[in-house]
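Colleague: Could you take me through one part of this model slowly? I would like a close look at a single strand residue and at what lies around that part of the chain.

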Amino acid sequence: MSPLPGLDILLLAAFIVILAGSWLALRQANRGRRSAQLPAGRIVYADTGNWRPPEKPLFSPTHGLTGKPDYLVETRAGIIPVEVKSGTTPPDPYPSHVLQLAAYCLLTEEMSGQAPQYGLIRYPHSVFRVDYTQALRGELLRVLGNMRADSREAKRHAVHRSHDEPQRCAGCGYRQRCDQSLV
Ligand code: SF4
């Protein structure tokens, strides 16, 4: 197992699942589901009686990833995660939702020691089963790697303060969020 990640990775981990949706929406909108190897999922009947919300977020030190699925379900095949989405029910789950569910599958795998066979995405009018395949797992790890690389790249190109004038910072509207403020 990898050692515990450093502070940067922990901070990244805290946001990584949240960012996955918007990141994918931007990156994969033009690539299509097939090239991203994301399964389409299929509609299933789901008995929600044994759906239980997790008590706390799941965390993977191995992958520097954290997240909290809406539900975890104990089945004869093991624990599976469920993600609930509001809004319009699409004919197939959105790629960003599939990838988010894959992240919860990975976290469930780490937590239980057993990879879930699938996860569920519940929209208002349908529940989709998405198989947690090796291809989907590999795609998730590739995306996480790209996100980390993008984060490192963004830090490299961060804009630095161009002055030494505290009074400018004192009157700056970004001061509360700026880590280079002089006051
Ligand atoms: S607070 Fe930050 S953004 Fe604002 S003037 Fe100072 S260094 Fe620039």
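**A close look at Leu65 and the strands that follow**

Modeller: Start with L65, which lies in strand 4, residues 65–67. Keep in mind that this is a predicted model. Is L65 buried or exposed? Count the C-beta atoms around L65: there are 25 others within 10 Å. The cut-off for buried is 20 or more. So L65 is buried.

Now look along the chain from L65. L106 comes 41 residues away in sequence. Yet the C-alpha atoms of L65 and L106 are separated by 9.1 Å. Such links across the sequence can be counted for the protein. Take contacts between residues at least 6 apart in sequence: 65% of them join residues at least 24 apart.

L106 leads us to a helix. L106 belongs to the part of helix 3 that touches helix 4. Helix 3 covers residues 95–112, and helix 4 covers residues 134–156. Two numbers describe a packed pair of helices: the angle between the axes and the distance between them. Here the angle is about 100°, and the axes of helix 3 and helix 4 are 10 Å apart. Angles from 65 to 115 degrees count as roughly perpendicular, so helix 3 is roughly perpendicular to helix 4. Which residues make the contact? Helix 3 gives L99, A102, A103 and L106. Helix 4 gives L136, R137, L140 and V143. By class, this contact has seven nonpolar residues, one charged residue and no polar ones.

Go back to the strands. Strand 5 spans residues 71–75, and strand 6 spans residues 78–84. The two pair in the antiparallel sense, over five bridges. They form a hairpin, with two residues between them. Within this pair, V73 has I80 of strand 6 as its bridge partner.

Stay on strand 6, where V82 is found. V82 has 21 C-beta neighbours inside 10 Å, so V82 counts as buried. What does V82 touch, beyond its neighbours within four places in sequence? Its contacts are W51, P69, D70, Y71, V73, G119, L120 and R122. There is also a view towards C105, 23 residues from V82 along the chain. The C-alpha atoms of V82 and C105 are separated by 9.2 Å.

Two of those contacts, L120 and R122, take us on to strand 7. Strand 7 runs parallel to strand 6, and three bridges join them. One pairing to find on screen is V84, which stands opposite R122 in strand 7.

Strand 7, residues 118–122, also pairs with strand 8. This time the sense is antiparallel, again with five bridges. A hairpin of four residues joins strand 7 to strand 8. L120 stands opposite R129 in strand 8.

Strand 8 covers residues 127–131, and its side chains alternate. F128 and V130 point to one face and are buried. V127, R129 and D131 point to the other face and are not buried. That follows a general pattern: in a regular strand, side chains alternate between the two faces of the sheet.

Finally, step back to the whole protein. It has five helices and eight strands. From the N terminus on, the elements run α-α-β-β-β-β-β-β-α-β-β-α-α. Of its 183 residues, 28% count as buried. L65 and V82 are among the buried residues.

Methods: Residues are numbered from 1 along each chain as its sequence is written. This is a predicted model: local features need pLDDT of at least 70, side-chain atom pairs count only at pLDDT 80 or more; totals for chains, interfaces and linings use all residues. Axes are lines fitted to C-alpha atoms, for helices over the stretch in contact, and angles run from 0 to 180 degrees between N-to-C directions. Angles under 35 degrees count as roughly parallel, over 145 as roughly antiparallel, 65 to 115 as roughly perpendicular and the rest as oblique. Two residues are in contact if their C-beta atoms, placed from the backbone, lie within 7 Å. Ala, Val, Leu, Ile, Met, Phe, Trp, Tyr, Cys and Pro count as nonpolar, Asp, Glu, Lys and Arg as charged, and the others, Gly among them, as polar. A residue is buried if 20 or more other C-beta atoms lie within 10 Å of its own, exposed if 12 or fewer, and partly exposed in between; C-beta atoms are placed from the backbone. Two strands pair if DSSP finds at least two bridges between them.
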